[in-house]
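Biologist: I should like a close look at one residue in a loop, followed by an account of the sheets and helices around which the chain is organised. Please keep the cut-offs explicit.

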Amino acid sequence: MSRDEMPRASLPADALSLPGRYYTDPDHYRREMERFFLGGWAHVGRQEEIPSPGDYMLREVAGESLILVRGDDGDPHAFFNVCRHRGTRLCEAASGNFAGYIRCPYHAWAFDLSGRLVAAPQMDDLPHFRREDYPLVSAAVAAWDGHVFVNPSGNSRPLPEHLGCLPERFRPWGMDQLRLGKRTTYDVAANWKLLIQNYSECLHCPGVHPALQRLTHFLSGENEPANDGYLGGRMSLREGIETLTMDGTLRRPCLPGLSEADRRMVLYYAILPNLLLSLHPDYVMTHTLYPRAVNRTEIVCEWHFHPEAMSAPDFSPEDAASFWDLTNRQDWHVCEQMQLGVGSVAYRPGPYSSREDLLHGFDRLVRVDG
Ligand code: FES
Ligand SMILES: [Fe+2]
């Protein structure tokens with residue numbers, strides 16, 4: 001992507017941060033879960049996690065347990081983890097293989113991998129009982145370059161519309177080819193929106209991230225205007241810096257599809273509501289945000305690498321992972337401090353700088369009061 005291809009974001013003079021209740025009110029939080037997570041496209045993992053028919057993984061999205069399973073047709077399917085007999089959770093283990101059927105542990109109703117009820121002991125002699133009336137309740141599923149998304153309500157626009165031009169723009173990073181090198185999970189005492197806002201500005205980088213600031217100058221960033229599917233921009237690597245690791249050097253080849261210009265930048269995009277996608281010259285980092293309460297978010301951070309790089313005998317993800325683990329923890333700490341501050345009676349919305357344009361764009365999407 002060249003410098004001229006990207007439209008620039010702008011900020012009105014009177015842009016203010018959000019009122020405190022957006023970060024502290026449990027009722028507001030529940031409405032947001034319904035609107036953005038149940039009603040939108042929540043990121044839930046990678047295709048490679050369920051490679052074969054019957055492979056499954058459980059995900060909790062907005063308080064709902066969902067089963068993501070690879071069907072006999074080769075596609076991922078998503079079902080609410082609720083039996084159609086009397087509502088029992090069908091499955092407790094976080095991942096595994098269903099060996100053909102999803103069988104309820106309570107009275108053995110069994111569903112095939114497309115959610116059809118195929119066995120219901122002692123029910124078939126009831127005169128009006130028809131198995132086809134009791135399929136599992138499904139959620140919409142879609143994938144993009146290995147990333148799996150669910151829309152639990154099934155009412156969202158199609159995923160490609162939500163992603164806009166990102167699939168085309170990010171094609172050079174070849175994300176469908178990449179494989180997981182490392183995963184770290186964090187439990188952060190902050191509202192999910194604070195984490196997205198923090199991710200979307202680097203004004204805090206000189207103070208909070210001295211190591212990152214040595215690799216990319218915080219003013220090297222350029223954002224494109226936020227839209228209702230995603231917000232983001234890019235930052236340039238400093239002269240002599242090859243990628244984001246502790247010492248800024250590459251220990252593996254750059255991803256094969258990248259141009260010279262792509263190799264000199266890091267792209268940071270928040271794909272709403274919960275995927276933070278950070279594209280580096282030699283790896284891709286993802287943060288998946290799972291809000292657990294108005295003031296708590298579980299974050300799954302993963303580092304994805306090219307399989308050829310991973311097959312090298314001396315491959316290690318640690319240069320990238322340790323750098324970002326340090327940076328992550330610095331971010332989570334300031335977000336937790338902010339959660340505490342915005343809960344105070346003294347907090348009132350404050351003015352954004354021109355380097356916080358994406359936050360204003362994001363706030364406009366989540367505001368319910370105009
Ligand atoms: S609740 Fe599942 S079979 Fe009865
Ligand atoms: Fe940060």
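Where is alanine 62 found?

Modeller: The model is predicted, so local features are given only at pLDDT of at least 70 and side-chain atom pairs only at pLDDT 80 or more, whereas totals for chains, interfaces and linings use all residues. Residues are numbered from 1 along each chain as its sequence is written, and chains are lettered from A and ligands numbered from 1 in the order in which they are written.

Alanine 62 lies in the loop between E2 and strand E3 (64-70); helices (H or I, at least four residues) and strands (E, at least two) are DSSP runs numbered from the N terminus. The phi of alanine 62 is near 50°, a positive value in a residue other than glycine. Alanine 62 counts as buried because it has 23 C-beta neighbours inside 10 Å; the class requires 20 or more other C-beta atoms within 10 Å, exposed means 12 or fewer, and partly exposed lies in between, with C-beta atoms placed from the backbone.

Both strands that flank this loop belong to an open antiparallel sheet of 7 strands, in the order E1-E10-E9-E4-E3-E2-E5; two strands pair if DSSP finds at least two bridges between them. Strand E1 (42-46) and strand E5 (95-97) each have a single partner strand and stand at the edges, so one side of each is left without a neighbour in the sheet. From one strand to the next, the twist averages 30°, where axes are lines fitted to C-alpha atoms and angles run from 0 to 180 degrees between N-to-C directions. Strand E2 (residues 55-61) is joined to E5 by 3 bridges in the antiparallel sense, and methionine 57 has serine 95 of E5 as its bridge partner.

Elsewhere in this sheet, strand E4 (residues 76-80) pairs with strand E9 (residues 138-144) over 2 bridges, again antiparallel, with alanine 78 opposite alanine 139. E9 also pairs with strand E10 (residues 147-151), over 5 antiparallel bridges, and here valine 141 faces valine 150. E9 and E10 make a hairpin with 2 residues between them. Aspartate 145, in that turn, is another residue with a positive phi, of about 45°, although it is not a glycine. In its case the class is partly exposed, because aspartate 145 has 19 C-beta neighbours inside 10 Å.

A further open sheet of 7 antiparallel strands runs in the order E11-E17-E16-E15-E14-E13-E12. Its edge strands, each pairing on one side only, are strand E11 (179-188) and strand E12 (222-224). The twist in this sheet averages 15° from one strand to the next. Strand E16 (residues 284-293) and strand E17 (residues 296-305) are linked by 9 antiparallel bridges, one of which brings threonine 288 to valine 300 in E17. In the loop between strand E14 (265-271) and strand E15 (275-279) sits proline 273, and the peptide bond from leucine 272 to proline 273 is cis, with omega near 10°.

E16 and E17 also help to cover the buried residues of H9, together with E11, helix H1 (21-24), helix H5 (192-199) and helix H7 (210-215), among other parts. Those buried residues include Phe323, Trp324, Trp332 and Cys335. Helix H9 (residues 318-342) has 25 residues and should span 36 Å at 1.5 Å a residue; its end C-alpha atoms are 35 Å apart, which agrees. The expected span is 1.5 Å times one less than the number of residues.

Helix H10 (residues 357-366) contains leucine 359, which is buried because 25 other C-beta atoms lie within 10 Å. Beyond its neighbours within four places in sequence, leucine 359 is in contact with Gln197, Ser200, Glu201 and Tyr352; contact means C-beta atoms, placed from the backbone, within 7 Å. Leucine 359 and leucine 16 are 343 residues apart in sequence, yet their C-alpha atoms are 9.6 Å apart.

For the protein as a whole, the secondary structure comes to 10 helices and 17 strands. Of its 370 residues, 41% count as buried. Among contacts with a separation of 6 or more, 65% join residues 24 or more positions apart. The C-alpha atoms fill a box of roughly 75 × 55 × 35 Å along the principal axes.

Methods
Two residues are in contact if their C-beta atoms, placed from the backbone, lie within 7 Å.
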